[in-house]
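Trainee: Could you walk me through this one before I set anything up?
Mentor: Gladly, have a look at it here.
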Amino acid sequence: MTLKVALLGCGNVGSQVARILLDESEELAARIGVPLELTGIAVRNVDAPREGDLPRELFTTDAEALVDGADVVVELMGGLEPAGSMILRALGNGASVVTGNKALLAARLPELTKAARDGGAELLYEAAVAGAIPILRPIRESLAGDHITKVLGIVNGTTNFILDAMDTHGSQFDAVLAEAQQLGYAEADPTADVAGHDAASKAALLASLAFHTTFDLENVYCEGITGISADDVAGAAEAGMVIKLLAIAERTTDTAGNEGVNVRVHPTLLSREHPLAAVRGAFNAVFVEAENAGELMFYGQGAGGAPTASAVMGDVVSIARGLSTGAGGGSEAQPRPTRALGIEESTTRYSISLEVTDETGVLAEIAGIFARHGVSIETMRQTISADDNGGQARLRIITHEGREAALASTVAEIEQLAVVEAVSSVVRVEGK
Ligand code: NAP
């Protein structure tokens with residue numbers, strides 16, 4: 001018995017997967033129990049120069065024919081189409097699929113997982129979240145007998161690189177973004193990263209596996225880091241905190257007491273004591289809280305050809321072992337219907353910076369609005385602006401936990417006060 005593997009795409013990740021399949025075929029056969037045969041590599045241009053010494057005869061533009069003869073299809077083309085059709089075709093044939101395509105998965109997860117179940121095949125995508133870090137398999141398998149209560153992830157290396165550089169050098173967002181583009185950490189069009197869309201796709205996947213359901217992008221609240229200024233980062237540092245873009249998924253209840261899951265991506269203030277605060281540069285990490293296991297953290301490289309290929313190959317070997325022994329995979333039997341709760345139902349803390357008129361009664365007026373909305377203040381710090389001519393002050397308020405809806409309406413009312421010149425920033429806070 002030989003298992004036929006079709007590879008779709010030979011770019012950053014695909015070329016590394018092809019290299020491992022060809023160079024380490026003997027060792028892989030020993031680990032799996034049967035050999036894997038790379039039957040072909042589908043690309044757009046068969047004549048393009050390729051990294052490594054890959055046999056020319058493997059390349060084809062006929063992805064459909066390649067898919068039809070395969071036991072396992074590895075999709076590393078990216079994009080929504082033709083990747084989506086190819087995956088559905090493979091699953092429809094009963095072939096299992098490995099993909100790293102977070103954008104496609106987050107857009108069509110319910111449909112794709114159903115196609116896998118209907119085809120009696122597996123769909124694995126460890127590489128789609130946090131690159132090399134083994135996080136989806138631990139959630140799906142190792143924690144399958146536990147109750148995950150919350151997942152917090154730094155799952156986008158570009159934004160972590162930018163926020164870390166702003167924290168270390170005190171630079172402005174635009175300057176650091178330009179540097180990240182020069183170093184190859186950010187794309188020429190950085191929107192998917194800095195607007196939070198890439199992290200939101202990963203949040204949908206993490207939430208789906210952690211809470212045994214199928215969420216897609218529509219269930220994820222998303223706010224990027226473009227509004228974060230050097231002042232915000234410096235203010236955080238003064239308070240012993242750091243700003244990270246977090247993907248957060250947590251089990252919670254709405255105001256009526258109904259259980260559900262809230263999934264969100266936004267810049268977040270964390271104490272420097274929190275394990276995620278120590279994640280520097282373009283690294284990724286995912287922090288998991290489970291009822292019995294307690295706190296767990298997974299850390300490593302979130303992107304790159306070889307690191308991501310490591311995650312892809314883990315899925316390929318897992319599927320191949322199942323096929324060689326007839327044991328089947330570890331896919332969830334049936335996703336559970338779970339209510340996705342909107343951001344307004346989440347419970348969080350706010351850090352609010354205000355420019356106010358420096359006169360008697362201002363603090364009492366602001367504190368009164370907090371009290372009316374049932375939001376309690378943890379700390380309030382007043383500083384006189386350096387360029388002050390005697391009439392302006394900056395207030396930095398950190399709240400206790402409250403419903404997002406109450407916090408947001410508090411800020412909206414404060415903005416209307418005559419004594420408030422500007423609400424210069426509002427950043428949510430996680431942890432103690
Ligand atoms: P890439 O470098 O852009 O490579 C894409 C490959 O797919 C190329 O070989 C391209 O062929 C081929 N391709 C694209 N459209 C095709 C089509 N219509 N028909 C046939 N072949 C087609 O992409 P990548 O960086 O390797 O990423 C692949 C996937 O992994 C994406 O879903 C990405 O989100 C995911 N991922 C990447 C990373 C990373 O660090 N790069 C990390 C995690 C996940 P040509 O070579 O002929 O153009």
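Mentor: A term to start with: a polar contact is a pair of N or O atoms within 3.5 Å, where within protein one must be able to donate a hydrogen and the other to accept it, and residues adjacent in sequence count only if both atoms are side-chain atoms. This is a predicted model, in which local features need pLDDT of at least 70 and side-chain atom pairs count only at pLDDT 80 or more, while totals for chains, interfaces and linings use all residues. Residues are numbered from 1 along each chain as its sequence is written, and side-chain values use heavy atoms, with hydrogens and water left out.

Trainee: OK, how is the chain divided?
Mentor: Domain 1 covers 3-129 + 305-325, domain 2 covers 136-303 and domain 3 covers 346-429, with bounds from an automatic or database domain assignment.

Trainee: And how many residue pairs are in polar contact across the interface of domain 2 and domain 3?
Mentor: Five pairs, with both residues at pLDDT 80 or more.

Trainee: What about salt bridges there?
Mentor: Between domain 2 and domain 3 the count is three, a salt bridge being a side-chain nitrogen of Lys or Arg within 4 Å of a carboxyl oxygen of Asp or Glu. Arg-428 and Glu-223 form a salt bridge, with 3.1 Å between their closest N and O atoms.

Trainee: Switching to the ligand, which backbones sit by its oxygens?
Mentor: A backbone N or O atom of Val-13 is 2.9 Å from a ligand oxygen, a polar backbone atom of Asn-45 is also 2.9 Å from a ligand oxygen, and for a backbone N or O atom of Gly-11 the distance is 3.3 Å.
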